[in-house]
Amino acid sequence: MSVEITAGPADIDDADHSDLLAAVAAAESVLSRRFGAQVRLADPERLGGAGRSVVVRVRVASTPFSLPRTLVVKRYPSAVADRDPFAHEAVSHKLLTALPGEDRLTPELVAQDAEARLVVLEDLGKAPRLAEKLLGSDARAAERGLLSWAHAMGRLHATTAGRDADFDALMRRQGSQCCADPIAVDVHAALAGLPTLLATAWDVDTPAPVVEFAEQAVRGFVHSRRRAFSPSTSCPDNHLVTSKGVRFLDFEGGCVRDIVFDAACLRVPFPSCWCGYGLPAGMSEAMVAAWRAEVGGVWPDLDDDAVFLPKLLEAQLLWVWLATWRGLPRLDLALPSGHRPLDSPPRSTVLASRWVRLRADALALGVKPVAFHAEAVVEALVARFGEASVELPLYPAFR
């Protein structure tokens, strides 16, 4: 494991960095126990974090061992209900670090500690994230980043095919009581709750054939035999664009699940967050093709459009239902969509674009009940938010 970067300056401007210093002290203790001698860290640089988690880059100031010049420390708060992001992060890295180096598309796990609730990871450096490429001004760089992401996702699936038992065993050993796939709980909740929510909020009926199609999609999601490791979140902030291709970060929901559910993130990019803009015509199709090229050797049936495209539509519908179930109750609020709060598309526009795409793809496959239902939802969105709600601007790089 080699790192060819230097640590950034300490975050002296933080008004309150006690959590950062506590994370560094905990990491020193964990590393010292791990290697059996004192390890000293310095120059903490805050890298962000979700919720109350702390992510920090540190310089290895003193160690009798051969360690990289810098490391990344991630420390998590206590678990909430059935969700424990630390358990998923730690187990995901254990699973992926066991892969051969040439197959690893993630940081290597250096150490982890359940009591301290932290992981210490290889520092992949200061390469740009995919979000930076998309929000920049270089269309070719953004296109290469998206295709690299699609290829990397396919390779990740192919190299971790059928690892359910390994992942489950690691979760049990971690002592976690949370569900193996946190998003599966929300998928079932969306299936049960969205028809009533649509009827109450927008007076949109969900016909029985549409409900049956959604139920079929959930059954396929739960019982799929095409399973591999999934980072779970598709946010472009979680993909590092390096000279060796995209590398995946942040596994707070990492799990083993249906790979086509992840493939739908390429057709409707980044459906798990509200930071989406539009893509040029044909871009998502090119991304799906790149993913299929990587997984075809493991799942050859996915080369057959008659098999793959119906499953892709089912997964797409689940993502759209899930986003609507999560977002509709607060859709009227002026919440920022993501990376550029001042000029990013409204959440209503992001959501409308997903229903518009679902309508088009359902029509293309002849699944008319789903298409007509999507049309009714789009009409309700337009009635509430205006015609502009179906006009999703392209990512800045493609304008």
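Start by selecting Leu146, Trp149, Trp202, Trp291 and Trp355: of the 95 residues in the largest nonpolar core, these touch the most other members. The largest share of this core, eleven residues, comes from α10. A nonpolar core is a set of buried Ala, Val, Leu, Ile, Met, Phe, Trp, Tyr and Cys residues joined through side-chain atoms within 4.5 Å. Buried stands for a relative accessible area under 20%, exposed for over 50%, and partly exposed for what is in between, with a 1.4 Å probe and protein chains only.

The model is predicted: local features need pLDDT of at least 70, side-chain atom pairs count only at pLDDT 80 or more, and totals for chains, interfaces and linings use all residues. Residues are numbered from 1 along each chain as its sequence is written, and side-chain values use heavy atoms, with hydrogens and water left out.

**Trp149 and the ring cluster**

Keep Trp149 selected and show its surroundings. Leaving aside neighbours within four places in sequence, Trp149 is in contact (heavy atoms within 4.5 Å) with Leu130, Ser234, His239, Val246, Phe248, Cys265, Leu266, Phe270 and Met287.

Now add Tyr277 and Tyr395. Ring pairs link Trp149, Phe270, Tyr277 and Tyr395 into a cluster. Rings of Phe, Tyr and Trp (its six-membered ring) pair if their centres lie within 6.5 Å; planes under 30 degrees apart count as stacked, over 60 as edge-to-face and the rest as tilted. By this rule there are nine aromatic pairs. In one of them, Phe270 and Tyr395 meet edge-to-face, 6.3 Å centre to centre and with 90 degrees between the planes. Phe270 lies in the loop between α8 (259–267) and α9 (283–295) and Tyr395 in the segment after α12, so this pair ties together parts that are 125 residues apart in sequence. Phe270 is buried, with a relative accessible area of 0%; Tyr395 is buried too, at 1%.

Go next to Trp291 and Phe308. They form a stacked pair, 5.8 Å centre to centre with 25 degrees between the planes. Trp291 belongs to helix α9 and Phe308 to helix α10, so the pair ties together parts that are 17 residues apart in sequence. Trp291 and Phe308 are both buried.

**Along α10 to Leu318**

Select helix α10 (residues 305–327), where Leu318 has its place. Helices (H or I, at least four residues) and strands (E, at least two) are DSSP runs, numbered from the N terminus. Leu318 is buried, with a relative accessible area of 6%. Beyond residues up to four places away in sequence, Leu318 touches Val187, Ala214, Ala217, Val218, Phe221 and Phe261. Measure to Ala190 as well: Leu318 and Ala190 are 128 residues apart in sequence and 8.4 Å apart in space, C-alpha to C-alpha.

**Helix α12**

Select residues 368–385. This is helix α12, with 18 residues and a reach of 25 Å from its first C-alpha to its last, close to the 26 Å expected at 1.5 Å a residue. The expected span is 1.5 Å times one less than the number of residues. The buried residues of α12 are Val370, Ala371, His373, Ala374, Val377, Val378, Ala380, Leu381 and Val382. What covers them includes α6 (182–202), α7 (208–223), α10 and α11 (347–364). Just after α12, Gly386 takes a positive phi of about 95 degrees.

**Cysteines**

Colour the cysteines. The structure holds zero disulfides, a disulfide being a pair of cysteine sulfur atoms within 2.5 Å. For Cys265, the nearest cysteine sulfur is that of Cys273, 9.1 Å away. Cys265 is buried, with a relative accessible area of 2%. Cys275 also counts as buried, at 5% relative accessibility.

**The strands and the other core**

Another core lies apart from the largest one; it has 19 residues, among them Leu41, Val60, Val73 and Leu118. Select residues 40–75 to see the strands. Strand β1 (residues 40–48) and strand β2 (residues 54–62) pair in the antiparallel sense over six bridges. Strands pair if DSSP finds at least two bridges between them. Six bridges also join β2 to strand β3 (residues 70–75), and these two run antiparallel. Val56 makes a useful stop: Val56 is the bridge partner of Arg46 and stands opposite Val73 in β3.

**Last stop: His93**

Select His93, in helix α2 (residues 85–97). Is His93 buried or exposed? His93 is buried, with a relative accessible area of 1%. Not counting residues up to four places away in sequence, His93 touches Pro107, Leu109, Leu121 and Phe251.
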